[in-house]
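Biologist: I would like to go through this model piece by piece. Can you take my questions in turn?

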Amino acid sequence: MKQRLITLLLALGMVSSLCAQEGMVHETSASYIYPKEPEVLKQLDRWQDLKFGMLIHWGLYAQLGCVESWNLCSEDWIFRGKATTYETYKRDYWATIDKFNPDRFDPSSWAKAGKQAGMNYVVFTTKHHDGFCLFDTKQTDFSIAHGAFKNDPRRNAAREVFNAFRQENYMIGAYFSKPDWHSQDYWWDYFATPDRHVNYDIKKYPERWNKFKEYTYNQIEELVNGDYGKIDILWLDGGWVRPPKQDIDMPKIARMARKYQPGLLIVDRTVHGEYENYRTPEQTVSKVQQETPWESCITLGYSWGFVPGDKYKSPAKVIHKLVEITAKGGNLLLGIGPKPDGTLPDEVVERLQNIGEWLQKNGDAIYNTRITPDFNDGDTWFTQSKDGKTVYAIACLKEGEKIPAKISWKGNEPARGSKLICLQTGKAVRWKKTDEGIEVSLPANLPADLPAIAFGITR
């Protein structure tokens with residue numbers, strides 16, 4: 001069965017996301033170090049209040065309809081379809097810069113769709129591993145500002161995105177890939193490119209690696225120096241670029257970035273230490289509750305970027321993930337991929353709208369909450385307000401099944417005489433203690449397709 005699924009996904013160009021979902025990339029760090037700077041801690045607390053964000057992958061891979069940059073990588077799990085040779089594929093991939101012309105690019109519509117969904121922060125790919133920049137960098141011509149879109153006034157796409165999302169009061173995050181497969185100082189044409197790593201011996205060619213370090217530093221400085229407005233999160237991908245083998249001097253980068261952006265959260269993914277301000281398990285949810293800050297980044301479809309024919313998760317499945325993640329102390333960063341013309345797929349917009357309809361009624365059980373020790377009983381999850389005065393019980397309902405007349409749970413039971421408020425209706429519901437915990441009678445007028453029911457228990 002698994003092999004047949006992989007074969008199907010190969011045909012759709014989705015195999016890398018399957019690999020991600022099976023834990024083959026970006027496992028979370030085993031431990032955590034809290035930042036020391038008061039401004040960073042304050043920003044981290046604010047970020048933990050937001051709970052739900054949007055991760056946007058967009059670039060040449062949208063034009064090609066392949067899974068992010070990974071087809072460029074010469075590893076044995078990659079599938080390139082009808083490409084004749086690896087070098088031919090690379091040359092054709094780079095040439096896509098002359099075809100990527102998103103004439104319907106409208107990031108304000110992305111921001112509005114996300115806000116309607118209840119999202120509160122965004123992480124936008126300013127550069128993925130392929131090295132193609134979605135901002136007008138001065139370090140290379142391999143950017144949207146120098147390709148087919150170069151004459152468009154919106155050609156500095158990252159600035160347009162950040163401004164549009166800032167208008168909708170999002171916290172702003174800049175995704176930046178540390179590896180850069182287009183750079184001659186990372187993948188040098190003098191040698192073959194056997195895998196995702198730098199393809200030359202850094203010890204033998206230190207001057208080349210130093211040029212790459214300078215290039216990386218300069219690009220990040222462009223993003224954080226104020227030209228792109230207030231940046232709240234620097235989300236660094238490509239965790240294999242780390243000391244001791246591929247040291248890009250993160251202390252120097254962090255000092256510079258926070259000079260321009262005080263309180264900046266730096267997320268050096270999977271690289272344990274002071275520059276991983278929160279942990280980021282990919283396509284997975286922590287098996288246990290965690291007191292330290294973390295975020296699951298999970299795709300709405302199979303792929304991070306746009307792939308024709310992608311299959312998207314149902315709103316109920318996303319809401320169930322958000323509820324579980326929140327109860328375990330994390331945030332959900334939901335990945336979407338705009339189409340090559342710059343618009344969101346209709347299926348994405350529809351799902352975001354449906355997710356938002358639930359959060360509009362039940363968001364108090366998600367936003368601005370923190371963990372409670374007794375956090376789960378079966379399909380019911382628990383959170384509490386930051387002041388500890390209200391506990392929330394969120395019962396996830398099985399998709400496609402009729403809403404039951406009653407539900408029960410153990411733990412976080414109301415005190416005798418307390419009111420239990422159904423957030424969906426805003427009204428109190430009847431409940432009673434039983435040998436199984438408490439039994440709650442559900443209102444008769446609930447929507448038939450409700451994915452979860454949240455209750456507020458005031459202490």
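The questions below go from strands to helices and then to single residues.

Modeller: A note on the basis: this is a predicted model, where local features need pLDDT of at least 70, side-chain atom pairs count only at pLDDT 80 or more, and totals for chains, interfaces and linings use all residues. Residues are numbered from 1 along each chain as its sequence is written, and side-chain values use heavy atoms, with hydrogens and water left out.

Biologist: Which strands stand at the edges of the open sheet of three strands with the order 12-16-15?

Modeller: Strands here are DSSP runs of E, at least two residues, and helices are runs of H or I, at least four residues, numbered from the N terminus. Two strands pair if DSSP finds at least two bridges between them. The pairing in this sheet is antiparallel. Two of the strands have a single partner each, so one side of each is left without a neighbour in the sheet: strand 12 (406-409) and strand 15 (431-434).

Biologist: What is the average twist from one strand to the next there?

Modeller: Angles run from 0 to 180 degrees between N-to-C directions, with axes fitted as lines to C-alpha atoms, for helices over the stretch in contact. From one strand to the next, the twist averages 25°.

Biologist: Which residue of strand 16 stands opposite T434?

Modeller: Strand 15 pairs with strand 16 (residues 437-441) in the antiparallel sense, over four bridges. Opposite T434 in strand 16 stands G437.

Biologist: How many residues of strand 11 are buried?

Modeller: Buried means under 20% relative accessible area, exposed over 50%, and partly exposed in between (1.4 Å probe, protein chains only). In a regular strand the side chains alternate between the two faces of the sheet. In strand 11, T390, Y392, I394 and C396 are buried on one side, and V391, A393 and A395 on the other. For strand 11 (residues 390-396), the count of buried residues is seven of seven.

Biologist: Which residue of strand 17 is the bridge partner of Y392?

Modeller: Strand 11 runs antiparallel to strand 17 (residues 452-458), joined by seven bridges. In strand 17, Y392 is partnered by G456.

Biologist: Which residue takes a positive phi in the hairpin of strand 10 and strand 11?

Modeller: Strand 10 (residues 380-385) is antiparallel to strand 11, with five bridges. In one of them, T380 has A395 as its partner. The hairpin has four residues between the strands, and phi is near 75° at G388.

Biologist: How do helix 10 and helix 11 lie to each other, and what is the handedness of their crossing?

Modeller: Two packed helices are described by the angle between their axes and the distance between the axes. Helix 10 (residues 315-327) packs on helix 11 (residues 346-362) at about 50°, with axes 9 Å apart. Angles under 35 degrees count as roughly parallel, over 145 as roughly antiparallel, 65 to 115 as roughly perpendicular and the rest as oblique. The two helices are therefore oblique, and their crossing is right-handed.

Biologist: How many of the residues in that contact are nonpolar?

Modeller: Contact means heavy atoms within 4.5 Å. P315, V318, I319, L322 and V323 in helix 10 meet R351, N354, I355, W358 and L359 in helix 11. One residue of this contact is polar, one is charged, and the nonpolar ones number eight.

Biologist: Is T216 buried or exposed?

Modeller: T216 sits in helix 8 (residues 206-224). Beyond its neighbours within four places in sequence, T216 contacts F176, K178, I248 and I253. Its relative accessible area is 0%, so T216 is buried.

Biologist: Which elements do the buried residues of helix 9 pack against?

Modeller: In helix 9 (residues 250-260), the buried residues include I253 and M256. Their packing partners are helix 3 (38-50), helix 8, strand 4 (233-237) and strand 5 (265-268).

Biologist: Which residues does the cis peptide bond join?

Modeller: P244 lies in the loop between strand 4 and helix 9. With omega at about 5°, the cis bond joins P243 and P244.

Biologist: Is N169 buried or exposed?

Modeller: N169 belongs to the loop between helix 7 and strand 3 (171-177). Its phi is near 65°, positive in a residue other than glycine. At 65% relative accessibility, N169 is exposed.

Notes. Left-handed = near helix turned anticlockwise from the far one by under 90°. Nonpolar A, V, L, I, M, F, W, Y, C, P; charged D, E, K, R; others polar.
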